[in-house]
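Me: I would like a close look at one part of this model: the cysteines, and then the packing and open space around them. Please keep it brisk.

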Amino acid sequence: MALSHIGGVPGFQLLFFLRVTQFLTVVVCVPFCCPKLIGENMRQNVTLILSTVVNAVGNTLMYLSFTYAAPGIAFGIIQGTVPLFTTCIGFLILKETVTLIPCCGILISLIGVVLVGIGMGHQGADSTQKLVVSILLPLAAALTRAPGMVLSRAVLKDLSGLTIVLYLSLFGTVAQFILTYSLETPVWTMSAQTAGYVAGLGISQSLATLAMLGVLDVEKAFIAVAMGTLVVPMTILLDYFFLSKVPGLLKWVGLSLVVLGTVVLSIYTWWKHHQEEKHKKLLENLDFSHLQDDED
């Protein structure tokens, strides 16, 4: 995304190319997999529509953030604040309480995000407006990413991941085409190198989306968030090799805290769910033993 933008292609047009590539990829796969294309009832269809819209907005904000800040920094902010927003949504809507260890993990990540923002401000190379946008875009992406992952997992209980990507890419193609001509001046002539970046963006995003939906199909959303933490150091490494961008000291400290906070929260969440599963199995065994005694 960053390399394509540097090549002169506007942000919304890049997202249009991304969605078109994603749509063509899915269209090729659908005849072979034959997934259900609509839900069996109103609830499934409404959840599918909500998932499509929320994930489309979240992905748009996330990829646009890569054009304002280094991808490693932007994704670090997103990854660090997703647990915070997820917890806030759970508290406000589901009335879920938060214990001490998750609070510590979220606080560590939040401090890391603040340090990253301070480190970006100390660079002094960008305007204040661009600096604010480069921080607010990842935060907005994280705010929509949290409910988007939960909605996707809800849809996967009834429909295939291919169905989700089909609707997401179709909706995104139309929306990005309208935004491209409404807000930007499209660029249809580009170098072979930039065209390669654009094609790579579409193909890699298609594979990434299918892989993420595969994870959500077999694991809970918090596992997917935990695995996403590994993307932060990998993206920083790619920033160095392809964009020649090296984070300063404050950014390194901030990103390290983001990763640490997410790891603490993920380990605690895994342990809690593991204990709940053990307790559930114990109760099932006790009920089974009780029934056996009654039969004897």
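How many disulfides does the structure hold?

Reply: The structure holds 0 disulfides. Note that this is a predicted model.

Start with Cys-29. Its sulfur is 5.9 Å from the closest cysteine sulfur, that of Cys-33. A disulfide needs the two sulfur atoms within 2.5 Å, so 5.9 Å is too far for a bond. Cys-29 is partly exposed, because its relative accessibility is 26%. Cys-33 is likewise in no disulfide, and the nearest cysteine sulfur to Cys-33 is that of Cys-29.

Next comes Cys-34. Cys-34 sits in the loop between H2 and H3. Its phi is positive, about 50 degrees, although Cys-34 is not a glycine. Most residues other than glycine have a negative phi. Cys-34 counts as exposed, because its relative accessibility is 61% and the exposed class begins over 50%.

Now the packing. The largest nonpolar core has 32 residues. Met-1, Leu-15, Met-62, Tyr-63 and Phe-66 touch the most other members. Several helices give two or more residues to this core, among them H2 (11-33), H3 (42-65), H4 (71-93) and H11 (249-295). The largest share, 7 residues, comes from H4. A second, separate core has 11 residues, including Val-26, Leu-162, Ile-164 and Leu-213.

Met-62 deserves a closer look. Beyond its neighbours within four places in sequence, Met-62 is in contact with Phe-75, Ile-78, Ala-141 and Arg-145. Met-62 is also one of the core residues that touch the most other members. Met-62 appears again at the largest pocket, where Met-62, Tyr-63, Gln-205, Ala-208 and Val-231 lie nearest the centre. Tyr-63 likewise belongs to both lists, in the core and at the pocket centre.

Last, the pocket itself. The largest pocket holds about 1300 Å³ of space. Its lining has 41 residues. By class, 27 of these are nonpolar, 12 are polar and 2 are charged. Helices that each supply at least two lining residues include H1 (2-6), H3, H7 (161-183) and H9 (221-228). H8 gives the largest share of the lining, 12 residues. H8 also gives two or more residues to the largest core.

To return to the opening question: there are 0 disulfides, and the sulfurs of Cys-29 and Cys-33 lie 5.9 Å apart.

Conventions. Residues are numbered from 1 along each chain as its sequence is written. This is a predicted model: local features need pLDDT of at least 70, side-chain atom pairs count only at pLDDT 80 or more; totals for chains, interfaces and linings use all residues. Side-chain values use heavy atoms; hydrogens and water are left out. A nonpolar core is a set of buried Ala, Val, Leu, Ile, Met, Phe, Trp, Tyr and Cys residues joined through side-chain atoms within 4.5 Å. Buried means under 20% relative accessible area, exposed over 50%, partly exposed in between (1.4 Å probe, protein chains only). Helices (H or I, at least four residues) and strands (E, at least two) are DSSP runs, numbered from the N terminus. Contact means heavy atoms within 4.5 Å. On a 1 Å grid over the protein atoms alone, a cavity is a set of points where a 1.4 Å probe fits but cannot get out, and a pocket is an open set with protein on both sides within 12 Å along at least five of seven lines; lining residues have an atom within 4 Å of a point. Grid points are joined across faces, edges and corners, and a volume is the space filled by probe spheres set on the points. Ala, Val, Leu, Ile, Met, Phe, Trp, Tyr, Cys and Pro count as nonpolar, Asp, Glu, Lys and Arg as charged, and the others, Gly among them, as polar.
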